Amino acid sequence: EDWGYGCAGMMPNMRCAFKCLAAPAFAEAVMDRGGATVQAVREATGCLVEVTPKGDVFPGTEERVITIQGSSFEALAVAARGVVARVEELTPESTDVKLRIIIPQKVAGATIGRGGENIRALQQTLNVRVGIDSTVYGGSGPSADQIVTITGNFPGIQGVVNDCVARLQEFGSERWFAEWIDRTNLARAAQVGPSAGSGKGRKRSQEMCGDFLRNRCTRGDSCKFSHDENAAEKGAMGG
């Protein structure tokens with residue numbers, strides 16, 4: 001496979017990271033053929049790919065965590081796109097591709113932007129739906145985890161991956177960034193609560209946001225309607 005990047009063996013310090021959630025099929029695809037994908041990523045980009053063991057899942061889900069670490073954010077972006085490509089391979093034709101990324105709360109705020117301008121631009125430019133869950137895991141500071149759900153065409157999802165890596169790079173020198181990289185699922189589960197921008201325990205309506213489904217919602221965490229596509233899917237299936 002041509003990864004389009006030539007930095008094999010570059011892994012000093014390993015303080016650049018990208019994380020996403022992996023349903024069982026995705027996790028198994030990444031670890032396929034005795035770790036062929038992991039090895040290919042390492043040889044082509046110098047990045048290390050780790051998948052949490054079976055049973056070590058993100059709080060409230062059945063999804064394992066994939067962490068990609070590298071020596072530069074440029075290499076990290078290439079590696080992330082290569083790993084995420086496995087999601088497209090697992091998605092049936094004529095079905096939207098779906099990816100869930102873990103980012104620090106500080107990066108989530110930058111992704112949304114003032115008045116939702118950044119997330120609106122992402123959705124309109126790349127023709128995908130992007131939702132950031134208001135729940136945070138692992139504390140309440142800038143390194144706390146939030147989940148970004150991207151749904152739509154695969155090139156658009158890759159574009160959001162590039163954007164997320166670029167925003168991670170903006171904060172990569174912050175002291176709290178290493179704490180975010182090293183956080184475990186156990187630590188996430190120990191501290192779960194609302195994000196800093198979601199109000200004091202304010203709960204959203206269970207009704208799905210129509211603007212979000214049309215890629216037009218600019219309210220981010222201040223929206224009173226649900227942006228949870230998982231809940232919407234369950235509702236359509238009768239719970």
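A contact here means heavy atoms within 4.5 Å, and among the contacts in this chain between residues at least 6 apart in sequence, 70% join residues at least 24 apart. The model on screen is a predicted one, which should be kept in mind at every stop of the tour.

**The whole chain**

Begin with the full chain in a cartoon view, where 10 helices and eight strands can be followed. Of its 239 residues, 51% count as buried. If you then switch on the surface, the accessible area comes to about 11500 Å², and carbon and sulfur atoms account for 49% of it.

**The nonpolar cores**

Next, select Phe 18, Phe 26, Ile 66, Ile 68, Leu 99, Ile 101 and Ile 150, which are the residues with the most contacts inside the largest nonpolar core, a set of 57 residues. Helix 3 supplies the largest share of this core, namely 10 residues. In soluble globular proteins, nonpolar side chains tend to be buried together.

From that selection, keep Ile 150 and display its surroundings: leaving aside residues up to four places away in sequence, Ile 150 touches Val 97, Lys 98, Leu 99, Ile 101, Val 128, Arg 129, Val 130, Ile 157 and Val 160. A second core, separate from the one just visited, consists of five residues, among them Met 208, Cys 209, Phe 212 and Cys 223.

**The aromatic cluster**

Now show the aromatic rings, of which a search of the whole structure finds five pairs. Select Phe 73 and Phe 177, whose rings meet edge-to-face, with 6.4 Å from centre to centre and 65° between the planes. Phe 73 belongs to helix 3 (residues 73-90) and Phe 177 to helix 7 (residues 177-182), so this pair ties together parts of the chain that are 104 residues apart in sequence. Both Phe 73 and Phe 177 are buried.

Add Phe 171 and Trp 176, which form a tilted pair at 6.1 Å centre to centre, with 40° between the planes. Phe 171 has a relative accessibility of 13% and therefore counts as buried, and Trp 176, at 13%, counts as buried too. With Trp 180 included, ring pairs link Phe 73, Phe 171, Trp 176, Phe 177 and Trp 180 into a cluster. Before leaving Trp 180, bring up Lys 19, which lies over the face of that ring at 4.7 Å from the ring centre.

**Helix 5 and strand 5**

Move to helix 5, residues 117-126, and colour Ile 119, Leu 122 and Gln 123, which are buried. When the helix is viewed down its axis, its buried residues fall within an arc of 90°, so they line one face of helix 5. On the face turned away from that buried side, select Gln 124 and Thr 125, which are exposed.

Step just past the end of helix 5 to Asn 127, where the backbone takes a positive phi of about 55°. Strand 5 covers residues 128-132, and Ile 132 has its place in this strand. Is Ile 132 buried or exposed? Its relative accessibility is 4%, so Ile 132 counts as buried. As a last selection, draw a C-alpha to C-alpha distance from Ile 132 to Ile 103: the two residues are 29 residues apart in sequence and 9.7 Å apart in space.

Technical notes. Residues are numbered from 1 along each chain as its sequence is written. This is a predicted model: local features need pLDDT of at least 70, side-chain atom pairs count only at pLDDT 80 or more; totals for chains, interfaces and linings use all residues. Side-chain values use heavy atoms; hydrogens and water are left out. Helices (H or I, at least four residues) and strands (E, at least two) are DSSP runs, numbered from the N terminus. Buried means under 20% relative accessible area, exposed over 50%, partly exposed in between (1.4 Å probe, protein chains only). The arc is that of the directions from the helix axis to the C-beta atoms. Rings of Phe, Tyr and Trp (its six-membered ring) pair if their centres lie within 6.5 Å; planes under 30 degrees apart count as stacked, over 60 as edge-to-face and the rest as tilted. A charge sits over a ring if NZ of Lys or CZ of Arg is within 6 Å of the ring centre and within 35 degrees of the ring normal. Accessible areas come from the Shrake-Rupley method with a 1.4 Å probe; for residues, only the protein chains shown count as cover. A nonpolar core is a set of buried Ala, Val, Leu, Ile, Met, Phe, Trp, Tyr and Cys residues joined through side-chain atoms within 4.5 Å.
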